[in-house]
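Trainee: I'd like a close look at one part of this model, and then a walk outward from there. Could you take me through it in one go?

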Amino acid sequence: MTKSKAEAQSTEAEGPDGGWGWVLVGALFVCATLVFGLIRSLGVFFVEFVQYFEESAQAISWITSIGVATQQLFSPLGTALCNAYDARRVVMVGGCLAGLGLILASQATSLIHLYLTMGVISGLGWAMVFTPMVATVMANFTRRRSLALGLGFSGIGLSSFIFSPLFQLLVETYAWRGALLILGALSLNIVPCGALIRPHRRTKAPEKTDSESKSCTAVLRRVYCYLELSLLGERPFLTYSLAVCLFNAGYFVPYVHLVAHSRQAGFSEYQAAFVMSATGATDIVGRVVSGWFSDLGHTRLLHMLTLWTTSTGAFMMLIPLGSLAGSYPFLLVLSLFYGFCAGALTSLVFTVVPEIVGLGRMVGALGLLQLLESVAGLLGAPLSGLLRDLTGNYTASLMVAGSFLILGSTILTTLPHYFSCTAPPPPQRHSPGVDGKDPLESGPMNNSSSAAGHVSRSETPPRSENDRSFNGLGPESKLLKAGLEK
C-alpha cells in the first residue's frame with residue numbers, strides 16, 4: 001500500500017512535464033514575441049523620432065526605458081492580481097492595455113505623449129502579461145523547465161529577426177504613425193493567448209468570526225505574503241538582484257542603438273536592419289540550446305548564467321570594432337555571437353531563481369526581481385543616449401553597457417556556495433507575517449491546508465518552505481509542489 005502511494009506521488013510529480021503545458025509554452029512564445037520582441041525592435045523608430053520631434057538621442061531613449069521600467073516595476077502587481085483573481089484574466093487585460101498604448105502613441109504630438117502611451121500604458125500591459133505567463137509555464141514543468149522557457153522565449157529572437165525589417169518597411173510605407181497603429185492591433189493578439197490559460201474555481205476561504213479579514217493587520221499580512229517581502233532581507237536574493245540589475249542596465253542598449261550605430265558607421269538602412277535581424281536569428285538558437293543543455297544537469301545553472309553574461313558583455317564591447325574598421329562582415333559576425341550569448345542567458349535568469357530562494361517562493365521572487373531591476377532598465381538606455389550626445393557616436397555607449405554585464409557576472413561569484421560543483425539545497429525557511437506568524441497559517445491564502453485543520457499541531461510535522469501553496473496560479477501551484485516532492 002505504501003508502494004502504491006509512493007507510485008501515485010511519483011506519477012503526480014511527473015505530471016507537470018507535458019500535456020496542456022506545451023500549449024501554454026506556445027502562448028508564452030506569442031506573448032514574449034509581442035512584448036520583448038517588439039521592445040527590442042523599436043530601434044527602427046529611434047531615428048524617425050529623432051528627426052520628427054527634433055530631440056536629443058537621450059530624450060528619445062527614455063521612451064523605451066520607461067516602457068521597460070514600467071513593465072518591471074509593476075510586475076509584482078501582475079503577480080498580486082493573479083493571487084486575487086487568476087492569470088487568465090490578468091493576461092487578457094494586459095493584452096488590451098499593451099495594444100491600447102501603441103494605438104494611442106500613433107496619435108502623439110510630443111514626446112510626453114509617447115512617454116505616457118508607449119511607456120506607461122503599454123508598459124503596464126506588458127507587466128500584466130509577461131511575468132504571469134512565465135510563472136504559469138514554470139508551474140507546469142519540472143524536469144524540462146529550462147527547455148520550456150527557452151522555447152517560449154525563442155519568440156523574442158524570432159521576432160527580432162522578422163520585426164526589424166518589417167518595421168522598417170511599415171515606416172517607409174505608412175510613416176511611423178501608421179506603423180505604430182498596426183503594431184497596436186498586432187499586440188491585441190495577446191488577448192486570445194491569455195484565454196488559453198485554463199480558468200479554475202477558487203476555494204472559499206474560511207469565514208472569520210470577527211472583523212479580522214478587514215483589519216489593517218490582515219491586509220498587510222496578505223500583501224506581505226503575496227509579494228514575499230521577506231526576501232528583501234536575505235543576502236542571497238539581494239546579491240542576485242543586484243547582479244540582474246546590472247545585466248538589465250546594459251542588456252537592452254544594443255537593441256535600442258545598434259541600428260542607429262550601424263547607420264552612423266555608413267551602412268545602409270536595410271544593412272543596419274539586417275544586423276538586428278541576424279542577431280535575432282542567433283538569439284533563437286542560443287535560447288533553445290541553452291535551455292536544452294541546462295536540463296541535462298551537467299553544469300550548475302548559476303555557472304552557465306555567469307558564462308553567458310560574461311560572453312554577452314565581451315561581444316557587446318567588441319561590436320564598435322566592426323564599425324570602426326568599416327567592415328560590414330566583421331560587424332555582422334560580432335553581432336551573431338552577441339545574439340547567441342544574449343539569447344542563451346535570458347531563460348537562465350529565471351530558472352536560477354528557485355535555486356536562490358527555493359520553489360516555495362519562486363512566484364513572489366520573480367515579481368520582486370522584476371521590480372528591483374526596473375531601476376536599471378530605466379537608466380540604462382538614457383545613459384547610453386547621453387554618452388552618444390557627449391561623444392557624438394555609440395562606441396562609449398556599447399562599451400559601458402558591456403561593462404555592466406561583466407560587473408554583474410563578477411557579483412554572481414559572491415553568492416553562497418557559488419564555487420561548489422553541485423547546487424546547495426534550497427532555503428527551508430518560513431516567511432513570517434507582519435505579526436510574526438506564518439501568514440499562510442491564518443490568512444485567507446491557506447485554502448489548501450484547510451482539510452488538515454483538525455490535526456493537532458503536535459501531530460503535524462513542521463512545514464518547509466517548499467510546502468507553501470501558490471494560490472495565485474490556481475491548480476498550477478499544486479504542480480510546483482508535486483515536482484518538489486519528487
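Is cysteine 245 buried or exposed, and what is its relative accessibility?

Mentor: Keep in mind that this is a predicted model. Cysteine 245 comes out at 16% relative accessibility; the cut-off for buried is under 20%, so cysteine 245 counts as buried. The residue sits in helix 11, which spans 235-251. Follow the chain on to leucine 369 and you have gone 124 residues, yet the two C-alpha atoms are separated by 8.6 Å.

Helix 11 also takes you to the cavities. A search of the whole structure turns up 7 of them at 30 Å³ or more, and the largest has a volume of about 290 Å³. Its lining is made of 19 residues, with Asn248, Tyr251, Phe252, Thr346 and Phe350 lying nearest the centre. Who supplies that lining? Helix 2 (20-40), helix 8, helix 11, helix 15 and helix 17 (362-391) each put in at least two residues.

Take helix 15 next. Running over residues 328-351, helix 15 has 24 residues and reaches 36 Å from first C-alpha to last, close to the 34 Å expected at 1.5 Å a residue. Of those 24 residues 18 are buried, so helix 15 is largely enclosed by the rest of the structure. Its N-terminal end is capped by serine 327, which has a side-chain oxygen 3.3 Å from the backbone nitrogen of phenylalanine 330.

Helix 8, another contributor to the lining, leads into the aromatic side of things. A pair of aromatic rings is described by the distance of the centres and the angle of the planes. The count of aromatic pairs comes to 18. In one of them, phenylalanine 49 and tryptophan 176 have ring centres 5.3 Å apart and planes at 85°, so that pair is edge-to-face. This pair links distant parts of the chain: phenylalanine 49 belongs to helix 3 (residues 43-53) and tryptophan 176 to helix 8 (residues 145-187), 127 residues apart. Both phenylalanine 49 and tryptophan 176 are buried.

Another edge-to-face pair joins tyrosine 52 and phenylalanine 53, at 4.9 Å centre to centre and 80° between the planes. The two partners fall into separate burial classes: tyrosine 52 is partly exposed at 43% relative accessible area, while phenylalanine 53, at 12%, counts as buried. Put the ring pairs together and you get a cluster of Phe45, Phe49, Tyr52, Phe53, Phe163, Phe167 and Trp176.

There's a charge over a ring to look at as well: arginine 198 lies over the face of tryptophan 20, at 4.3 Å from the ring centre.

Last stop, helix 18. Residues 395-412 give it 18 residues and a reach of 27 Å from first C-alpha to last, close to the 26 Å expected at 1.5 Å a residue. The buried residues in helix 18 include Ser397, Leu398, Ala401, Gly402 and Leu405, along with Gly408, Ser409, Ile411 and Leu412. In the loop between helix 18 and helix 19 (439-442) you'll find threonine 422. With a relative accessible area of 56%, threonine 422 is exposed. The C-alpha atom of threonine 422 is separated by 9.8 Å from that of leucine 301, a residue 121 positions apart from it along the chain.

Key:
Residues are numbered from 1 along each chain as its sequence is written. This is a predicted model: local features need pLDDT of at least 70, side-chain atom pairs count only at pLDDT 80 or more; totals for chains, interfaces and linings use all residues. Side-chain values use heavy atoms; hydrogens and water are left out. Helices (H or I, at least four residues) and strands (E, at least two) are DSSP runs, numbered from the N terminus. The expected span of a helix is 1.5 Å times one less than its number of residues. Buried means under 20% relative accessible area, exposed over 50%, partly exposed in between (1.4 Å probe, protein chains only). A polar contact is a pair of N or O atoms within 3.5 Å; within protein, one must be able to donate a hydrogen and the other to accept it, and residues adjacent in sequence count only if both atoms are side-chain atoms. Rings of Phe, Tyr and Trp (its six-membered ring) pair if their centres lie within 6.5 Å; planes under 30 degrees apart count as stacked, over 60 as edge-to-face and the rest as tilted. A charge sits over a ring if NZ of Lys or CZ of Arg is within 6 Å of the ring centre and within 35 degrees of the ring normal. On a 1 Å grid over the protein atoms alone, a cavity is a set of points where a 1.4 Å probe fits but cannot get out, and a pocket is an open set with protein on both sides within 12 Å along at least five of seven lines; lining residues have an atom within 4 Å of a point. Grid points are joined across faces, edges and corners, and a volume is the space filled by probe spheres set on the points.
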